[in-house]
Amino acid sequence: MDLLLIRHAQAVPRAADAARMRDAARRLTKRGRGQLGRTVRGLERLGLTFDRILHSPKLRSIESANALSSLLHGESTVTRRLCVAPSDQLLAEIHGERVALVGHEPHLSALVAMLVGAPVAITLKPSGVAWLEGDLRPGGMQVRALLPPRVLRALAER
């Protein structure tokens, strides 16, 4: 299995006054939409498509998953389990040959550590991608590639 963990693109900052904007309602910035477009083009250049996309219910993840839909040959599903620390319940929701998860830090990095079975010191930047392959179980996967936004941008511009 190939599993691509994709951090949502750059979103509007958290409001100083929490009453003005709930965290779940934060949307992508104009810059974030541009970054995400380059991420999609970079993934296209790599020939990647997905059987399935799972994404968090937060608006910035929904918008990011929608932008990735041109690479999708299956269903897109919302799961709240991408908003919390990784768990066996999240793993039970993942099935397919090549699946993308669109979510948030620090949960995506914690999922990488869980799946490779070792503490890893990565933090995905907005629109960054960690590509894992192997058996979907704790310790059953290895990192195939870490694709920060600048690498995906370079691929997109080729």
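A residue counts as buried when its relative accessible area is under 20% and as exposed when that area is over 50%. With that cut-off in hand, the tour of this predicted model can begin at helix H4.

**Helix H4**

Select H4, residues 107–116. Eight of its ten residues are buried, so the helix is mostly covered. To display them, pick Leu-108, Ser-109, Leu-111, Val-112, Ala-113, Met-114, Leu-115 and Val-116. Next, add the elements against which these buried residues pack: E1, helix H3 (88–93), E4, E5 and E6.

Within this set, centre the view on Ser-109, which lies in H4. Its relative accessibility is 8%, and Ser-109 therefore counts as buried. Which residues is Ser-109 in contact with, once its neighbours within four places in sequence are left aside? They are Val-120, Ile-122, Thr-123 and Leu-124.

**The two ends of H4**

Move to the loop between strand E4 (98–103) and H4, where Pro-106 is found. The peptide bond that joins Glu-105 to Pro-106 is cis, and its omega is near 10°. At the other end, H4 is followed by Gly-117, which has a positive phi near 75°.

Continue into the loop between H4 and E5 and select Ser-127. Its phi is positive, about 75°, although Ser-127 is not a glycine. For context, most residues other than glycine have a negative phi, and most peptide bonds are trans. Is Ser-127 buried or exposed? Ser-127 is buried, with a relative accessible area of 0%.

**The cavity beside H4**

One cavity of 30 Å³ or more is counted in the model. The space in the largest cavity is about 30 Å³. To outline it, select Arg-81, Leu-82, Val-84, Pro-86, Leu-90, His-107, Leu-108 and Leu-111. H4 supplies the largest share of this lining, with three residues. Coloured by class, the lining of the largest cavity shows six nonpolar residues, one polar and one charged.

**Helix H1**

Now select H1, residues 30–45. This helix has 16 residues and reaches 23 Å from its first C-alpha to its last, close to the 22 Å expected at 1.5 Å a residue. The buried residues of H1 are Gly-32, Gln-35, Leu-36, Thr-39, Val-40, Gly-42 and Leu-43. Why do they fall on the same side of H1? They cover an arc of only 160° around the axis, and this places them on the same side of the helix. Rotate to the other side of H1 to find Lys-30 and Arg-31, both exposed.

To see what covers the buried residues of H1, add strand E1 (2–7), strand E2 (50–55), helix H2 (59–67), strand E5 (129–134), strand E6 (141–147) and helix H5 (149–156), against which they pack. Beyond the end of the helix, H1 is followed by Gly-47, with a positive phi near 75°.

**The largest pocket**

For the last stop, turn to the largest pocket, with a volume of about 210 Å³. How many residues line this pocket, and which of them lie nearest its centre? The lining consists of 14 residues, and those nearest the centre are Arg-7, His-8, Arg-14, Arg-26 and Arg-60. Colouring the lining of the largest pocket by class gives three nonpolar, four polar and seven charged residues.

How values were computed: Residues numbered from 1 in each chain as written. Predicted model: local features only at pLDDT ≥ 70, side-chain atom pairs only at ≥ 80, totals over all residues. Heavy atoms only, no water. Helix = DSSP H or I, 4+ residues; strand = E, 2+ residues; numbered from the N terminus. Expected span 1.5 Å × (residues − 1). Buried < 20%, exposed > 50% of the residue type's maximum accessible area, 1.4 Å probe, protein only. Arc of directions from axis to C-beta. Contact = heavy atoms within 4.5 Å. 1 Å grid on protein atoms, 1.4 Å probe; cavity = no way out; pocket = protein on both sides within 12 Å on 5 of 7 lines; lining within 4 Å. Points joined across faces, edges and corners; volume = space filled by probe spheres on them. Nonpolar A, V, L, I, M, F, W, Y, C, P; charged D, E, K, R; others polar.
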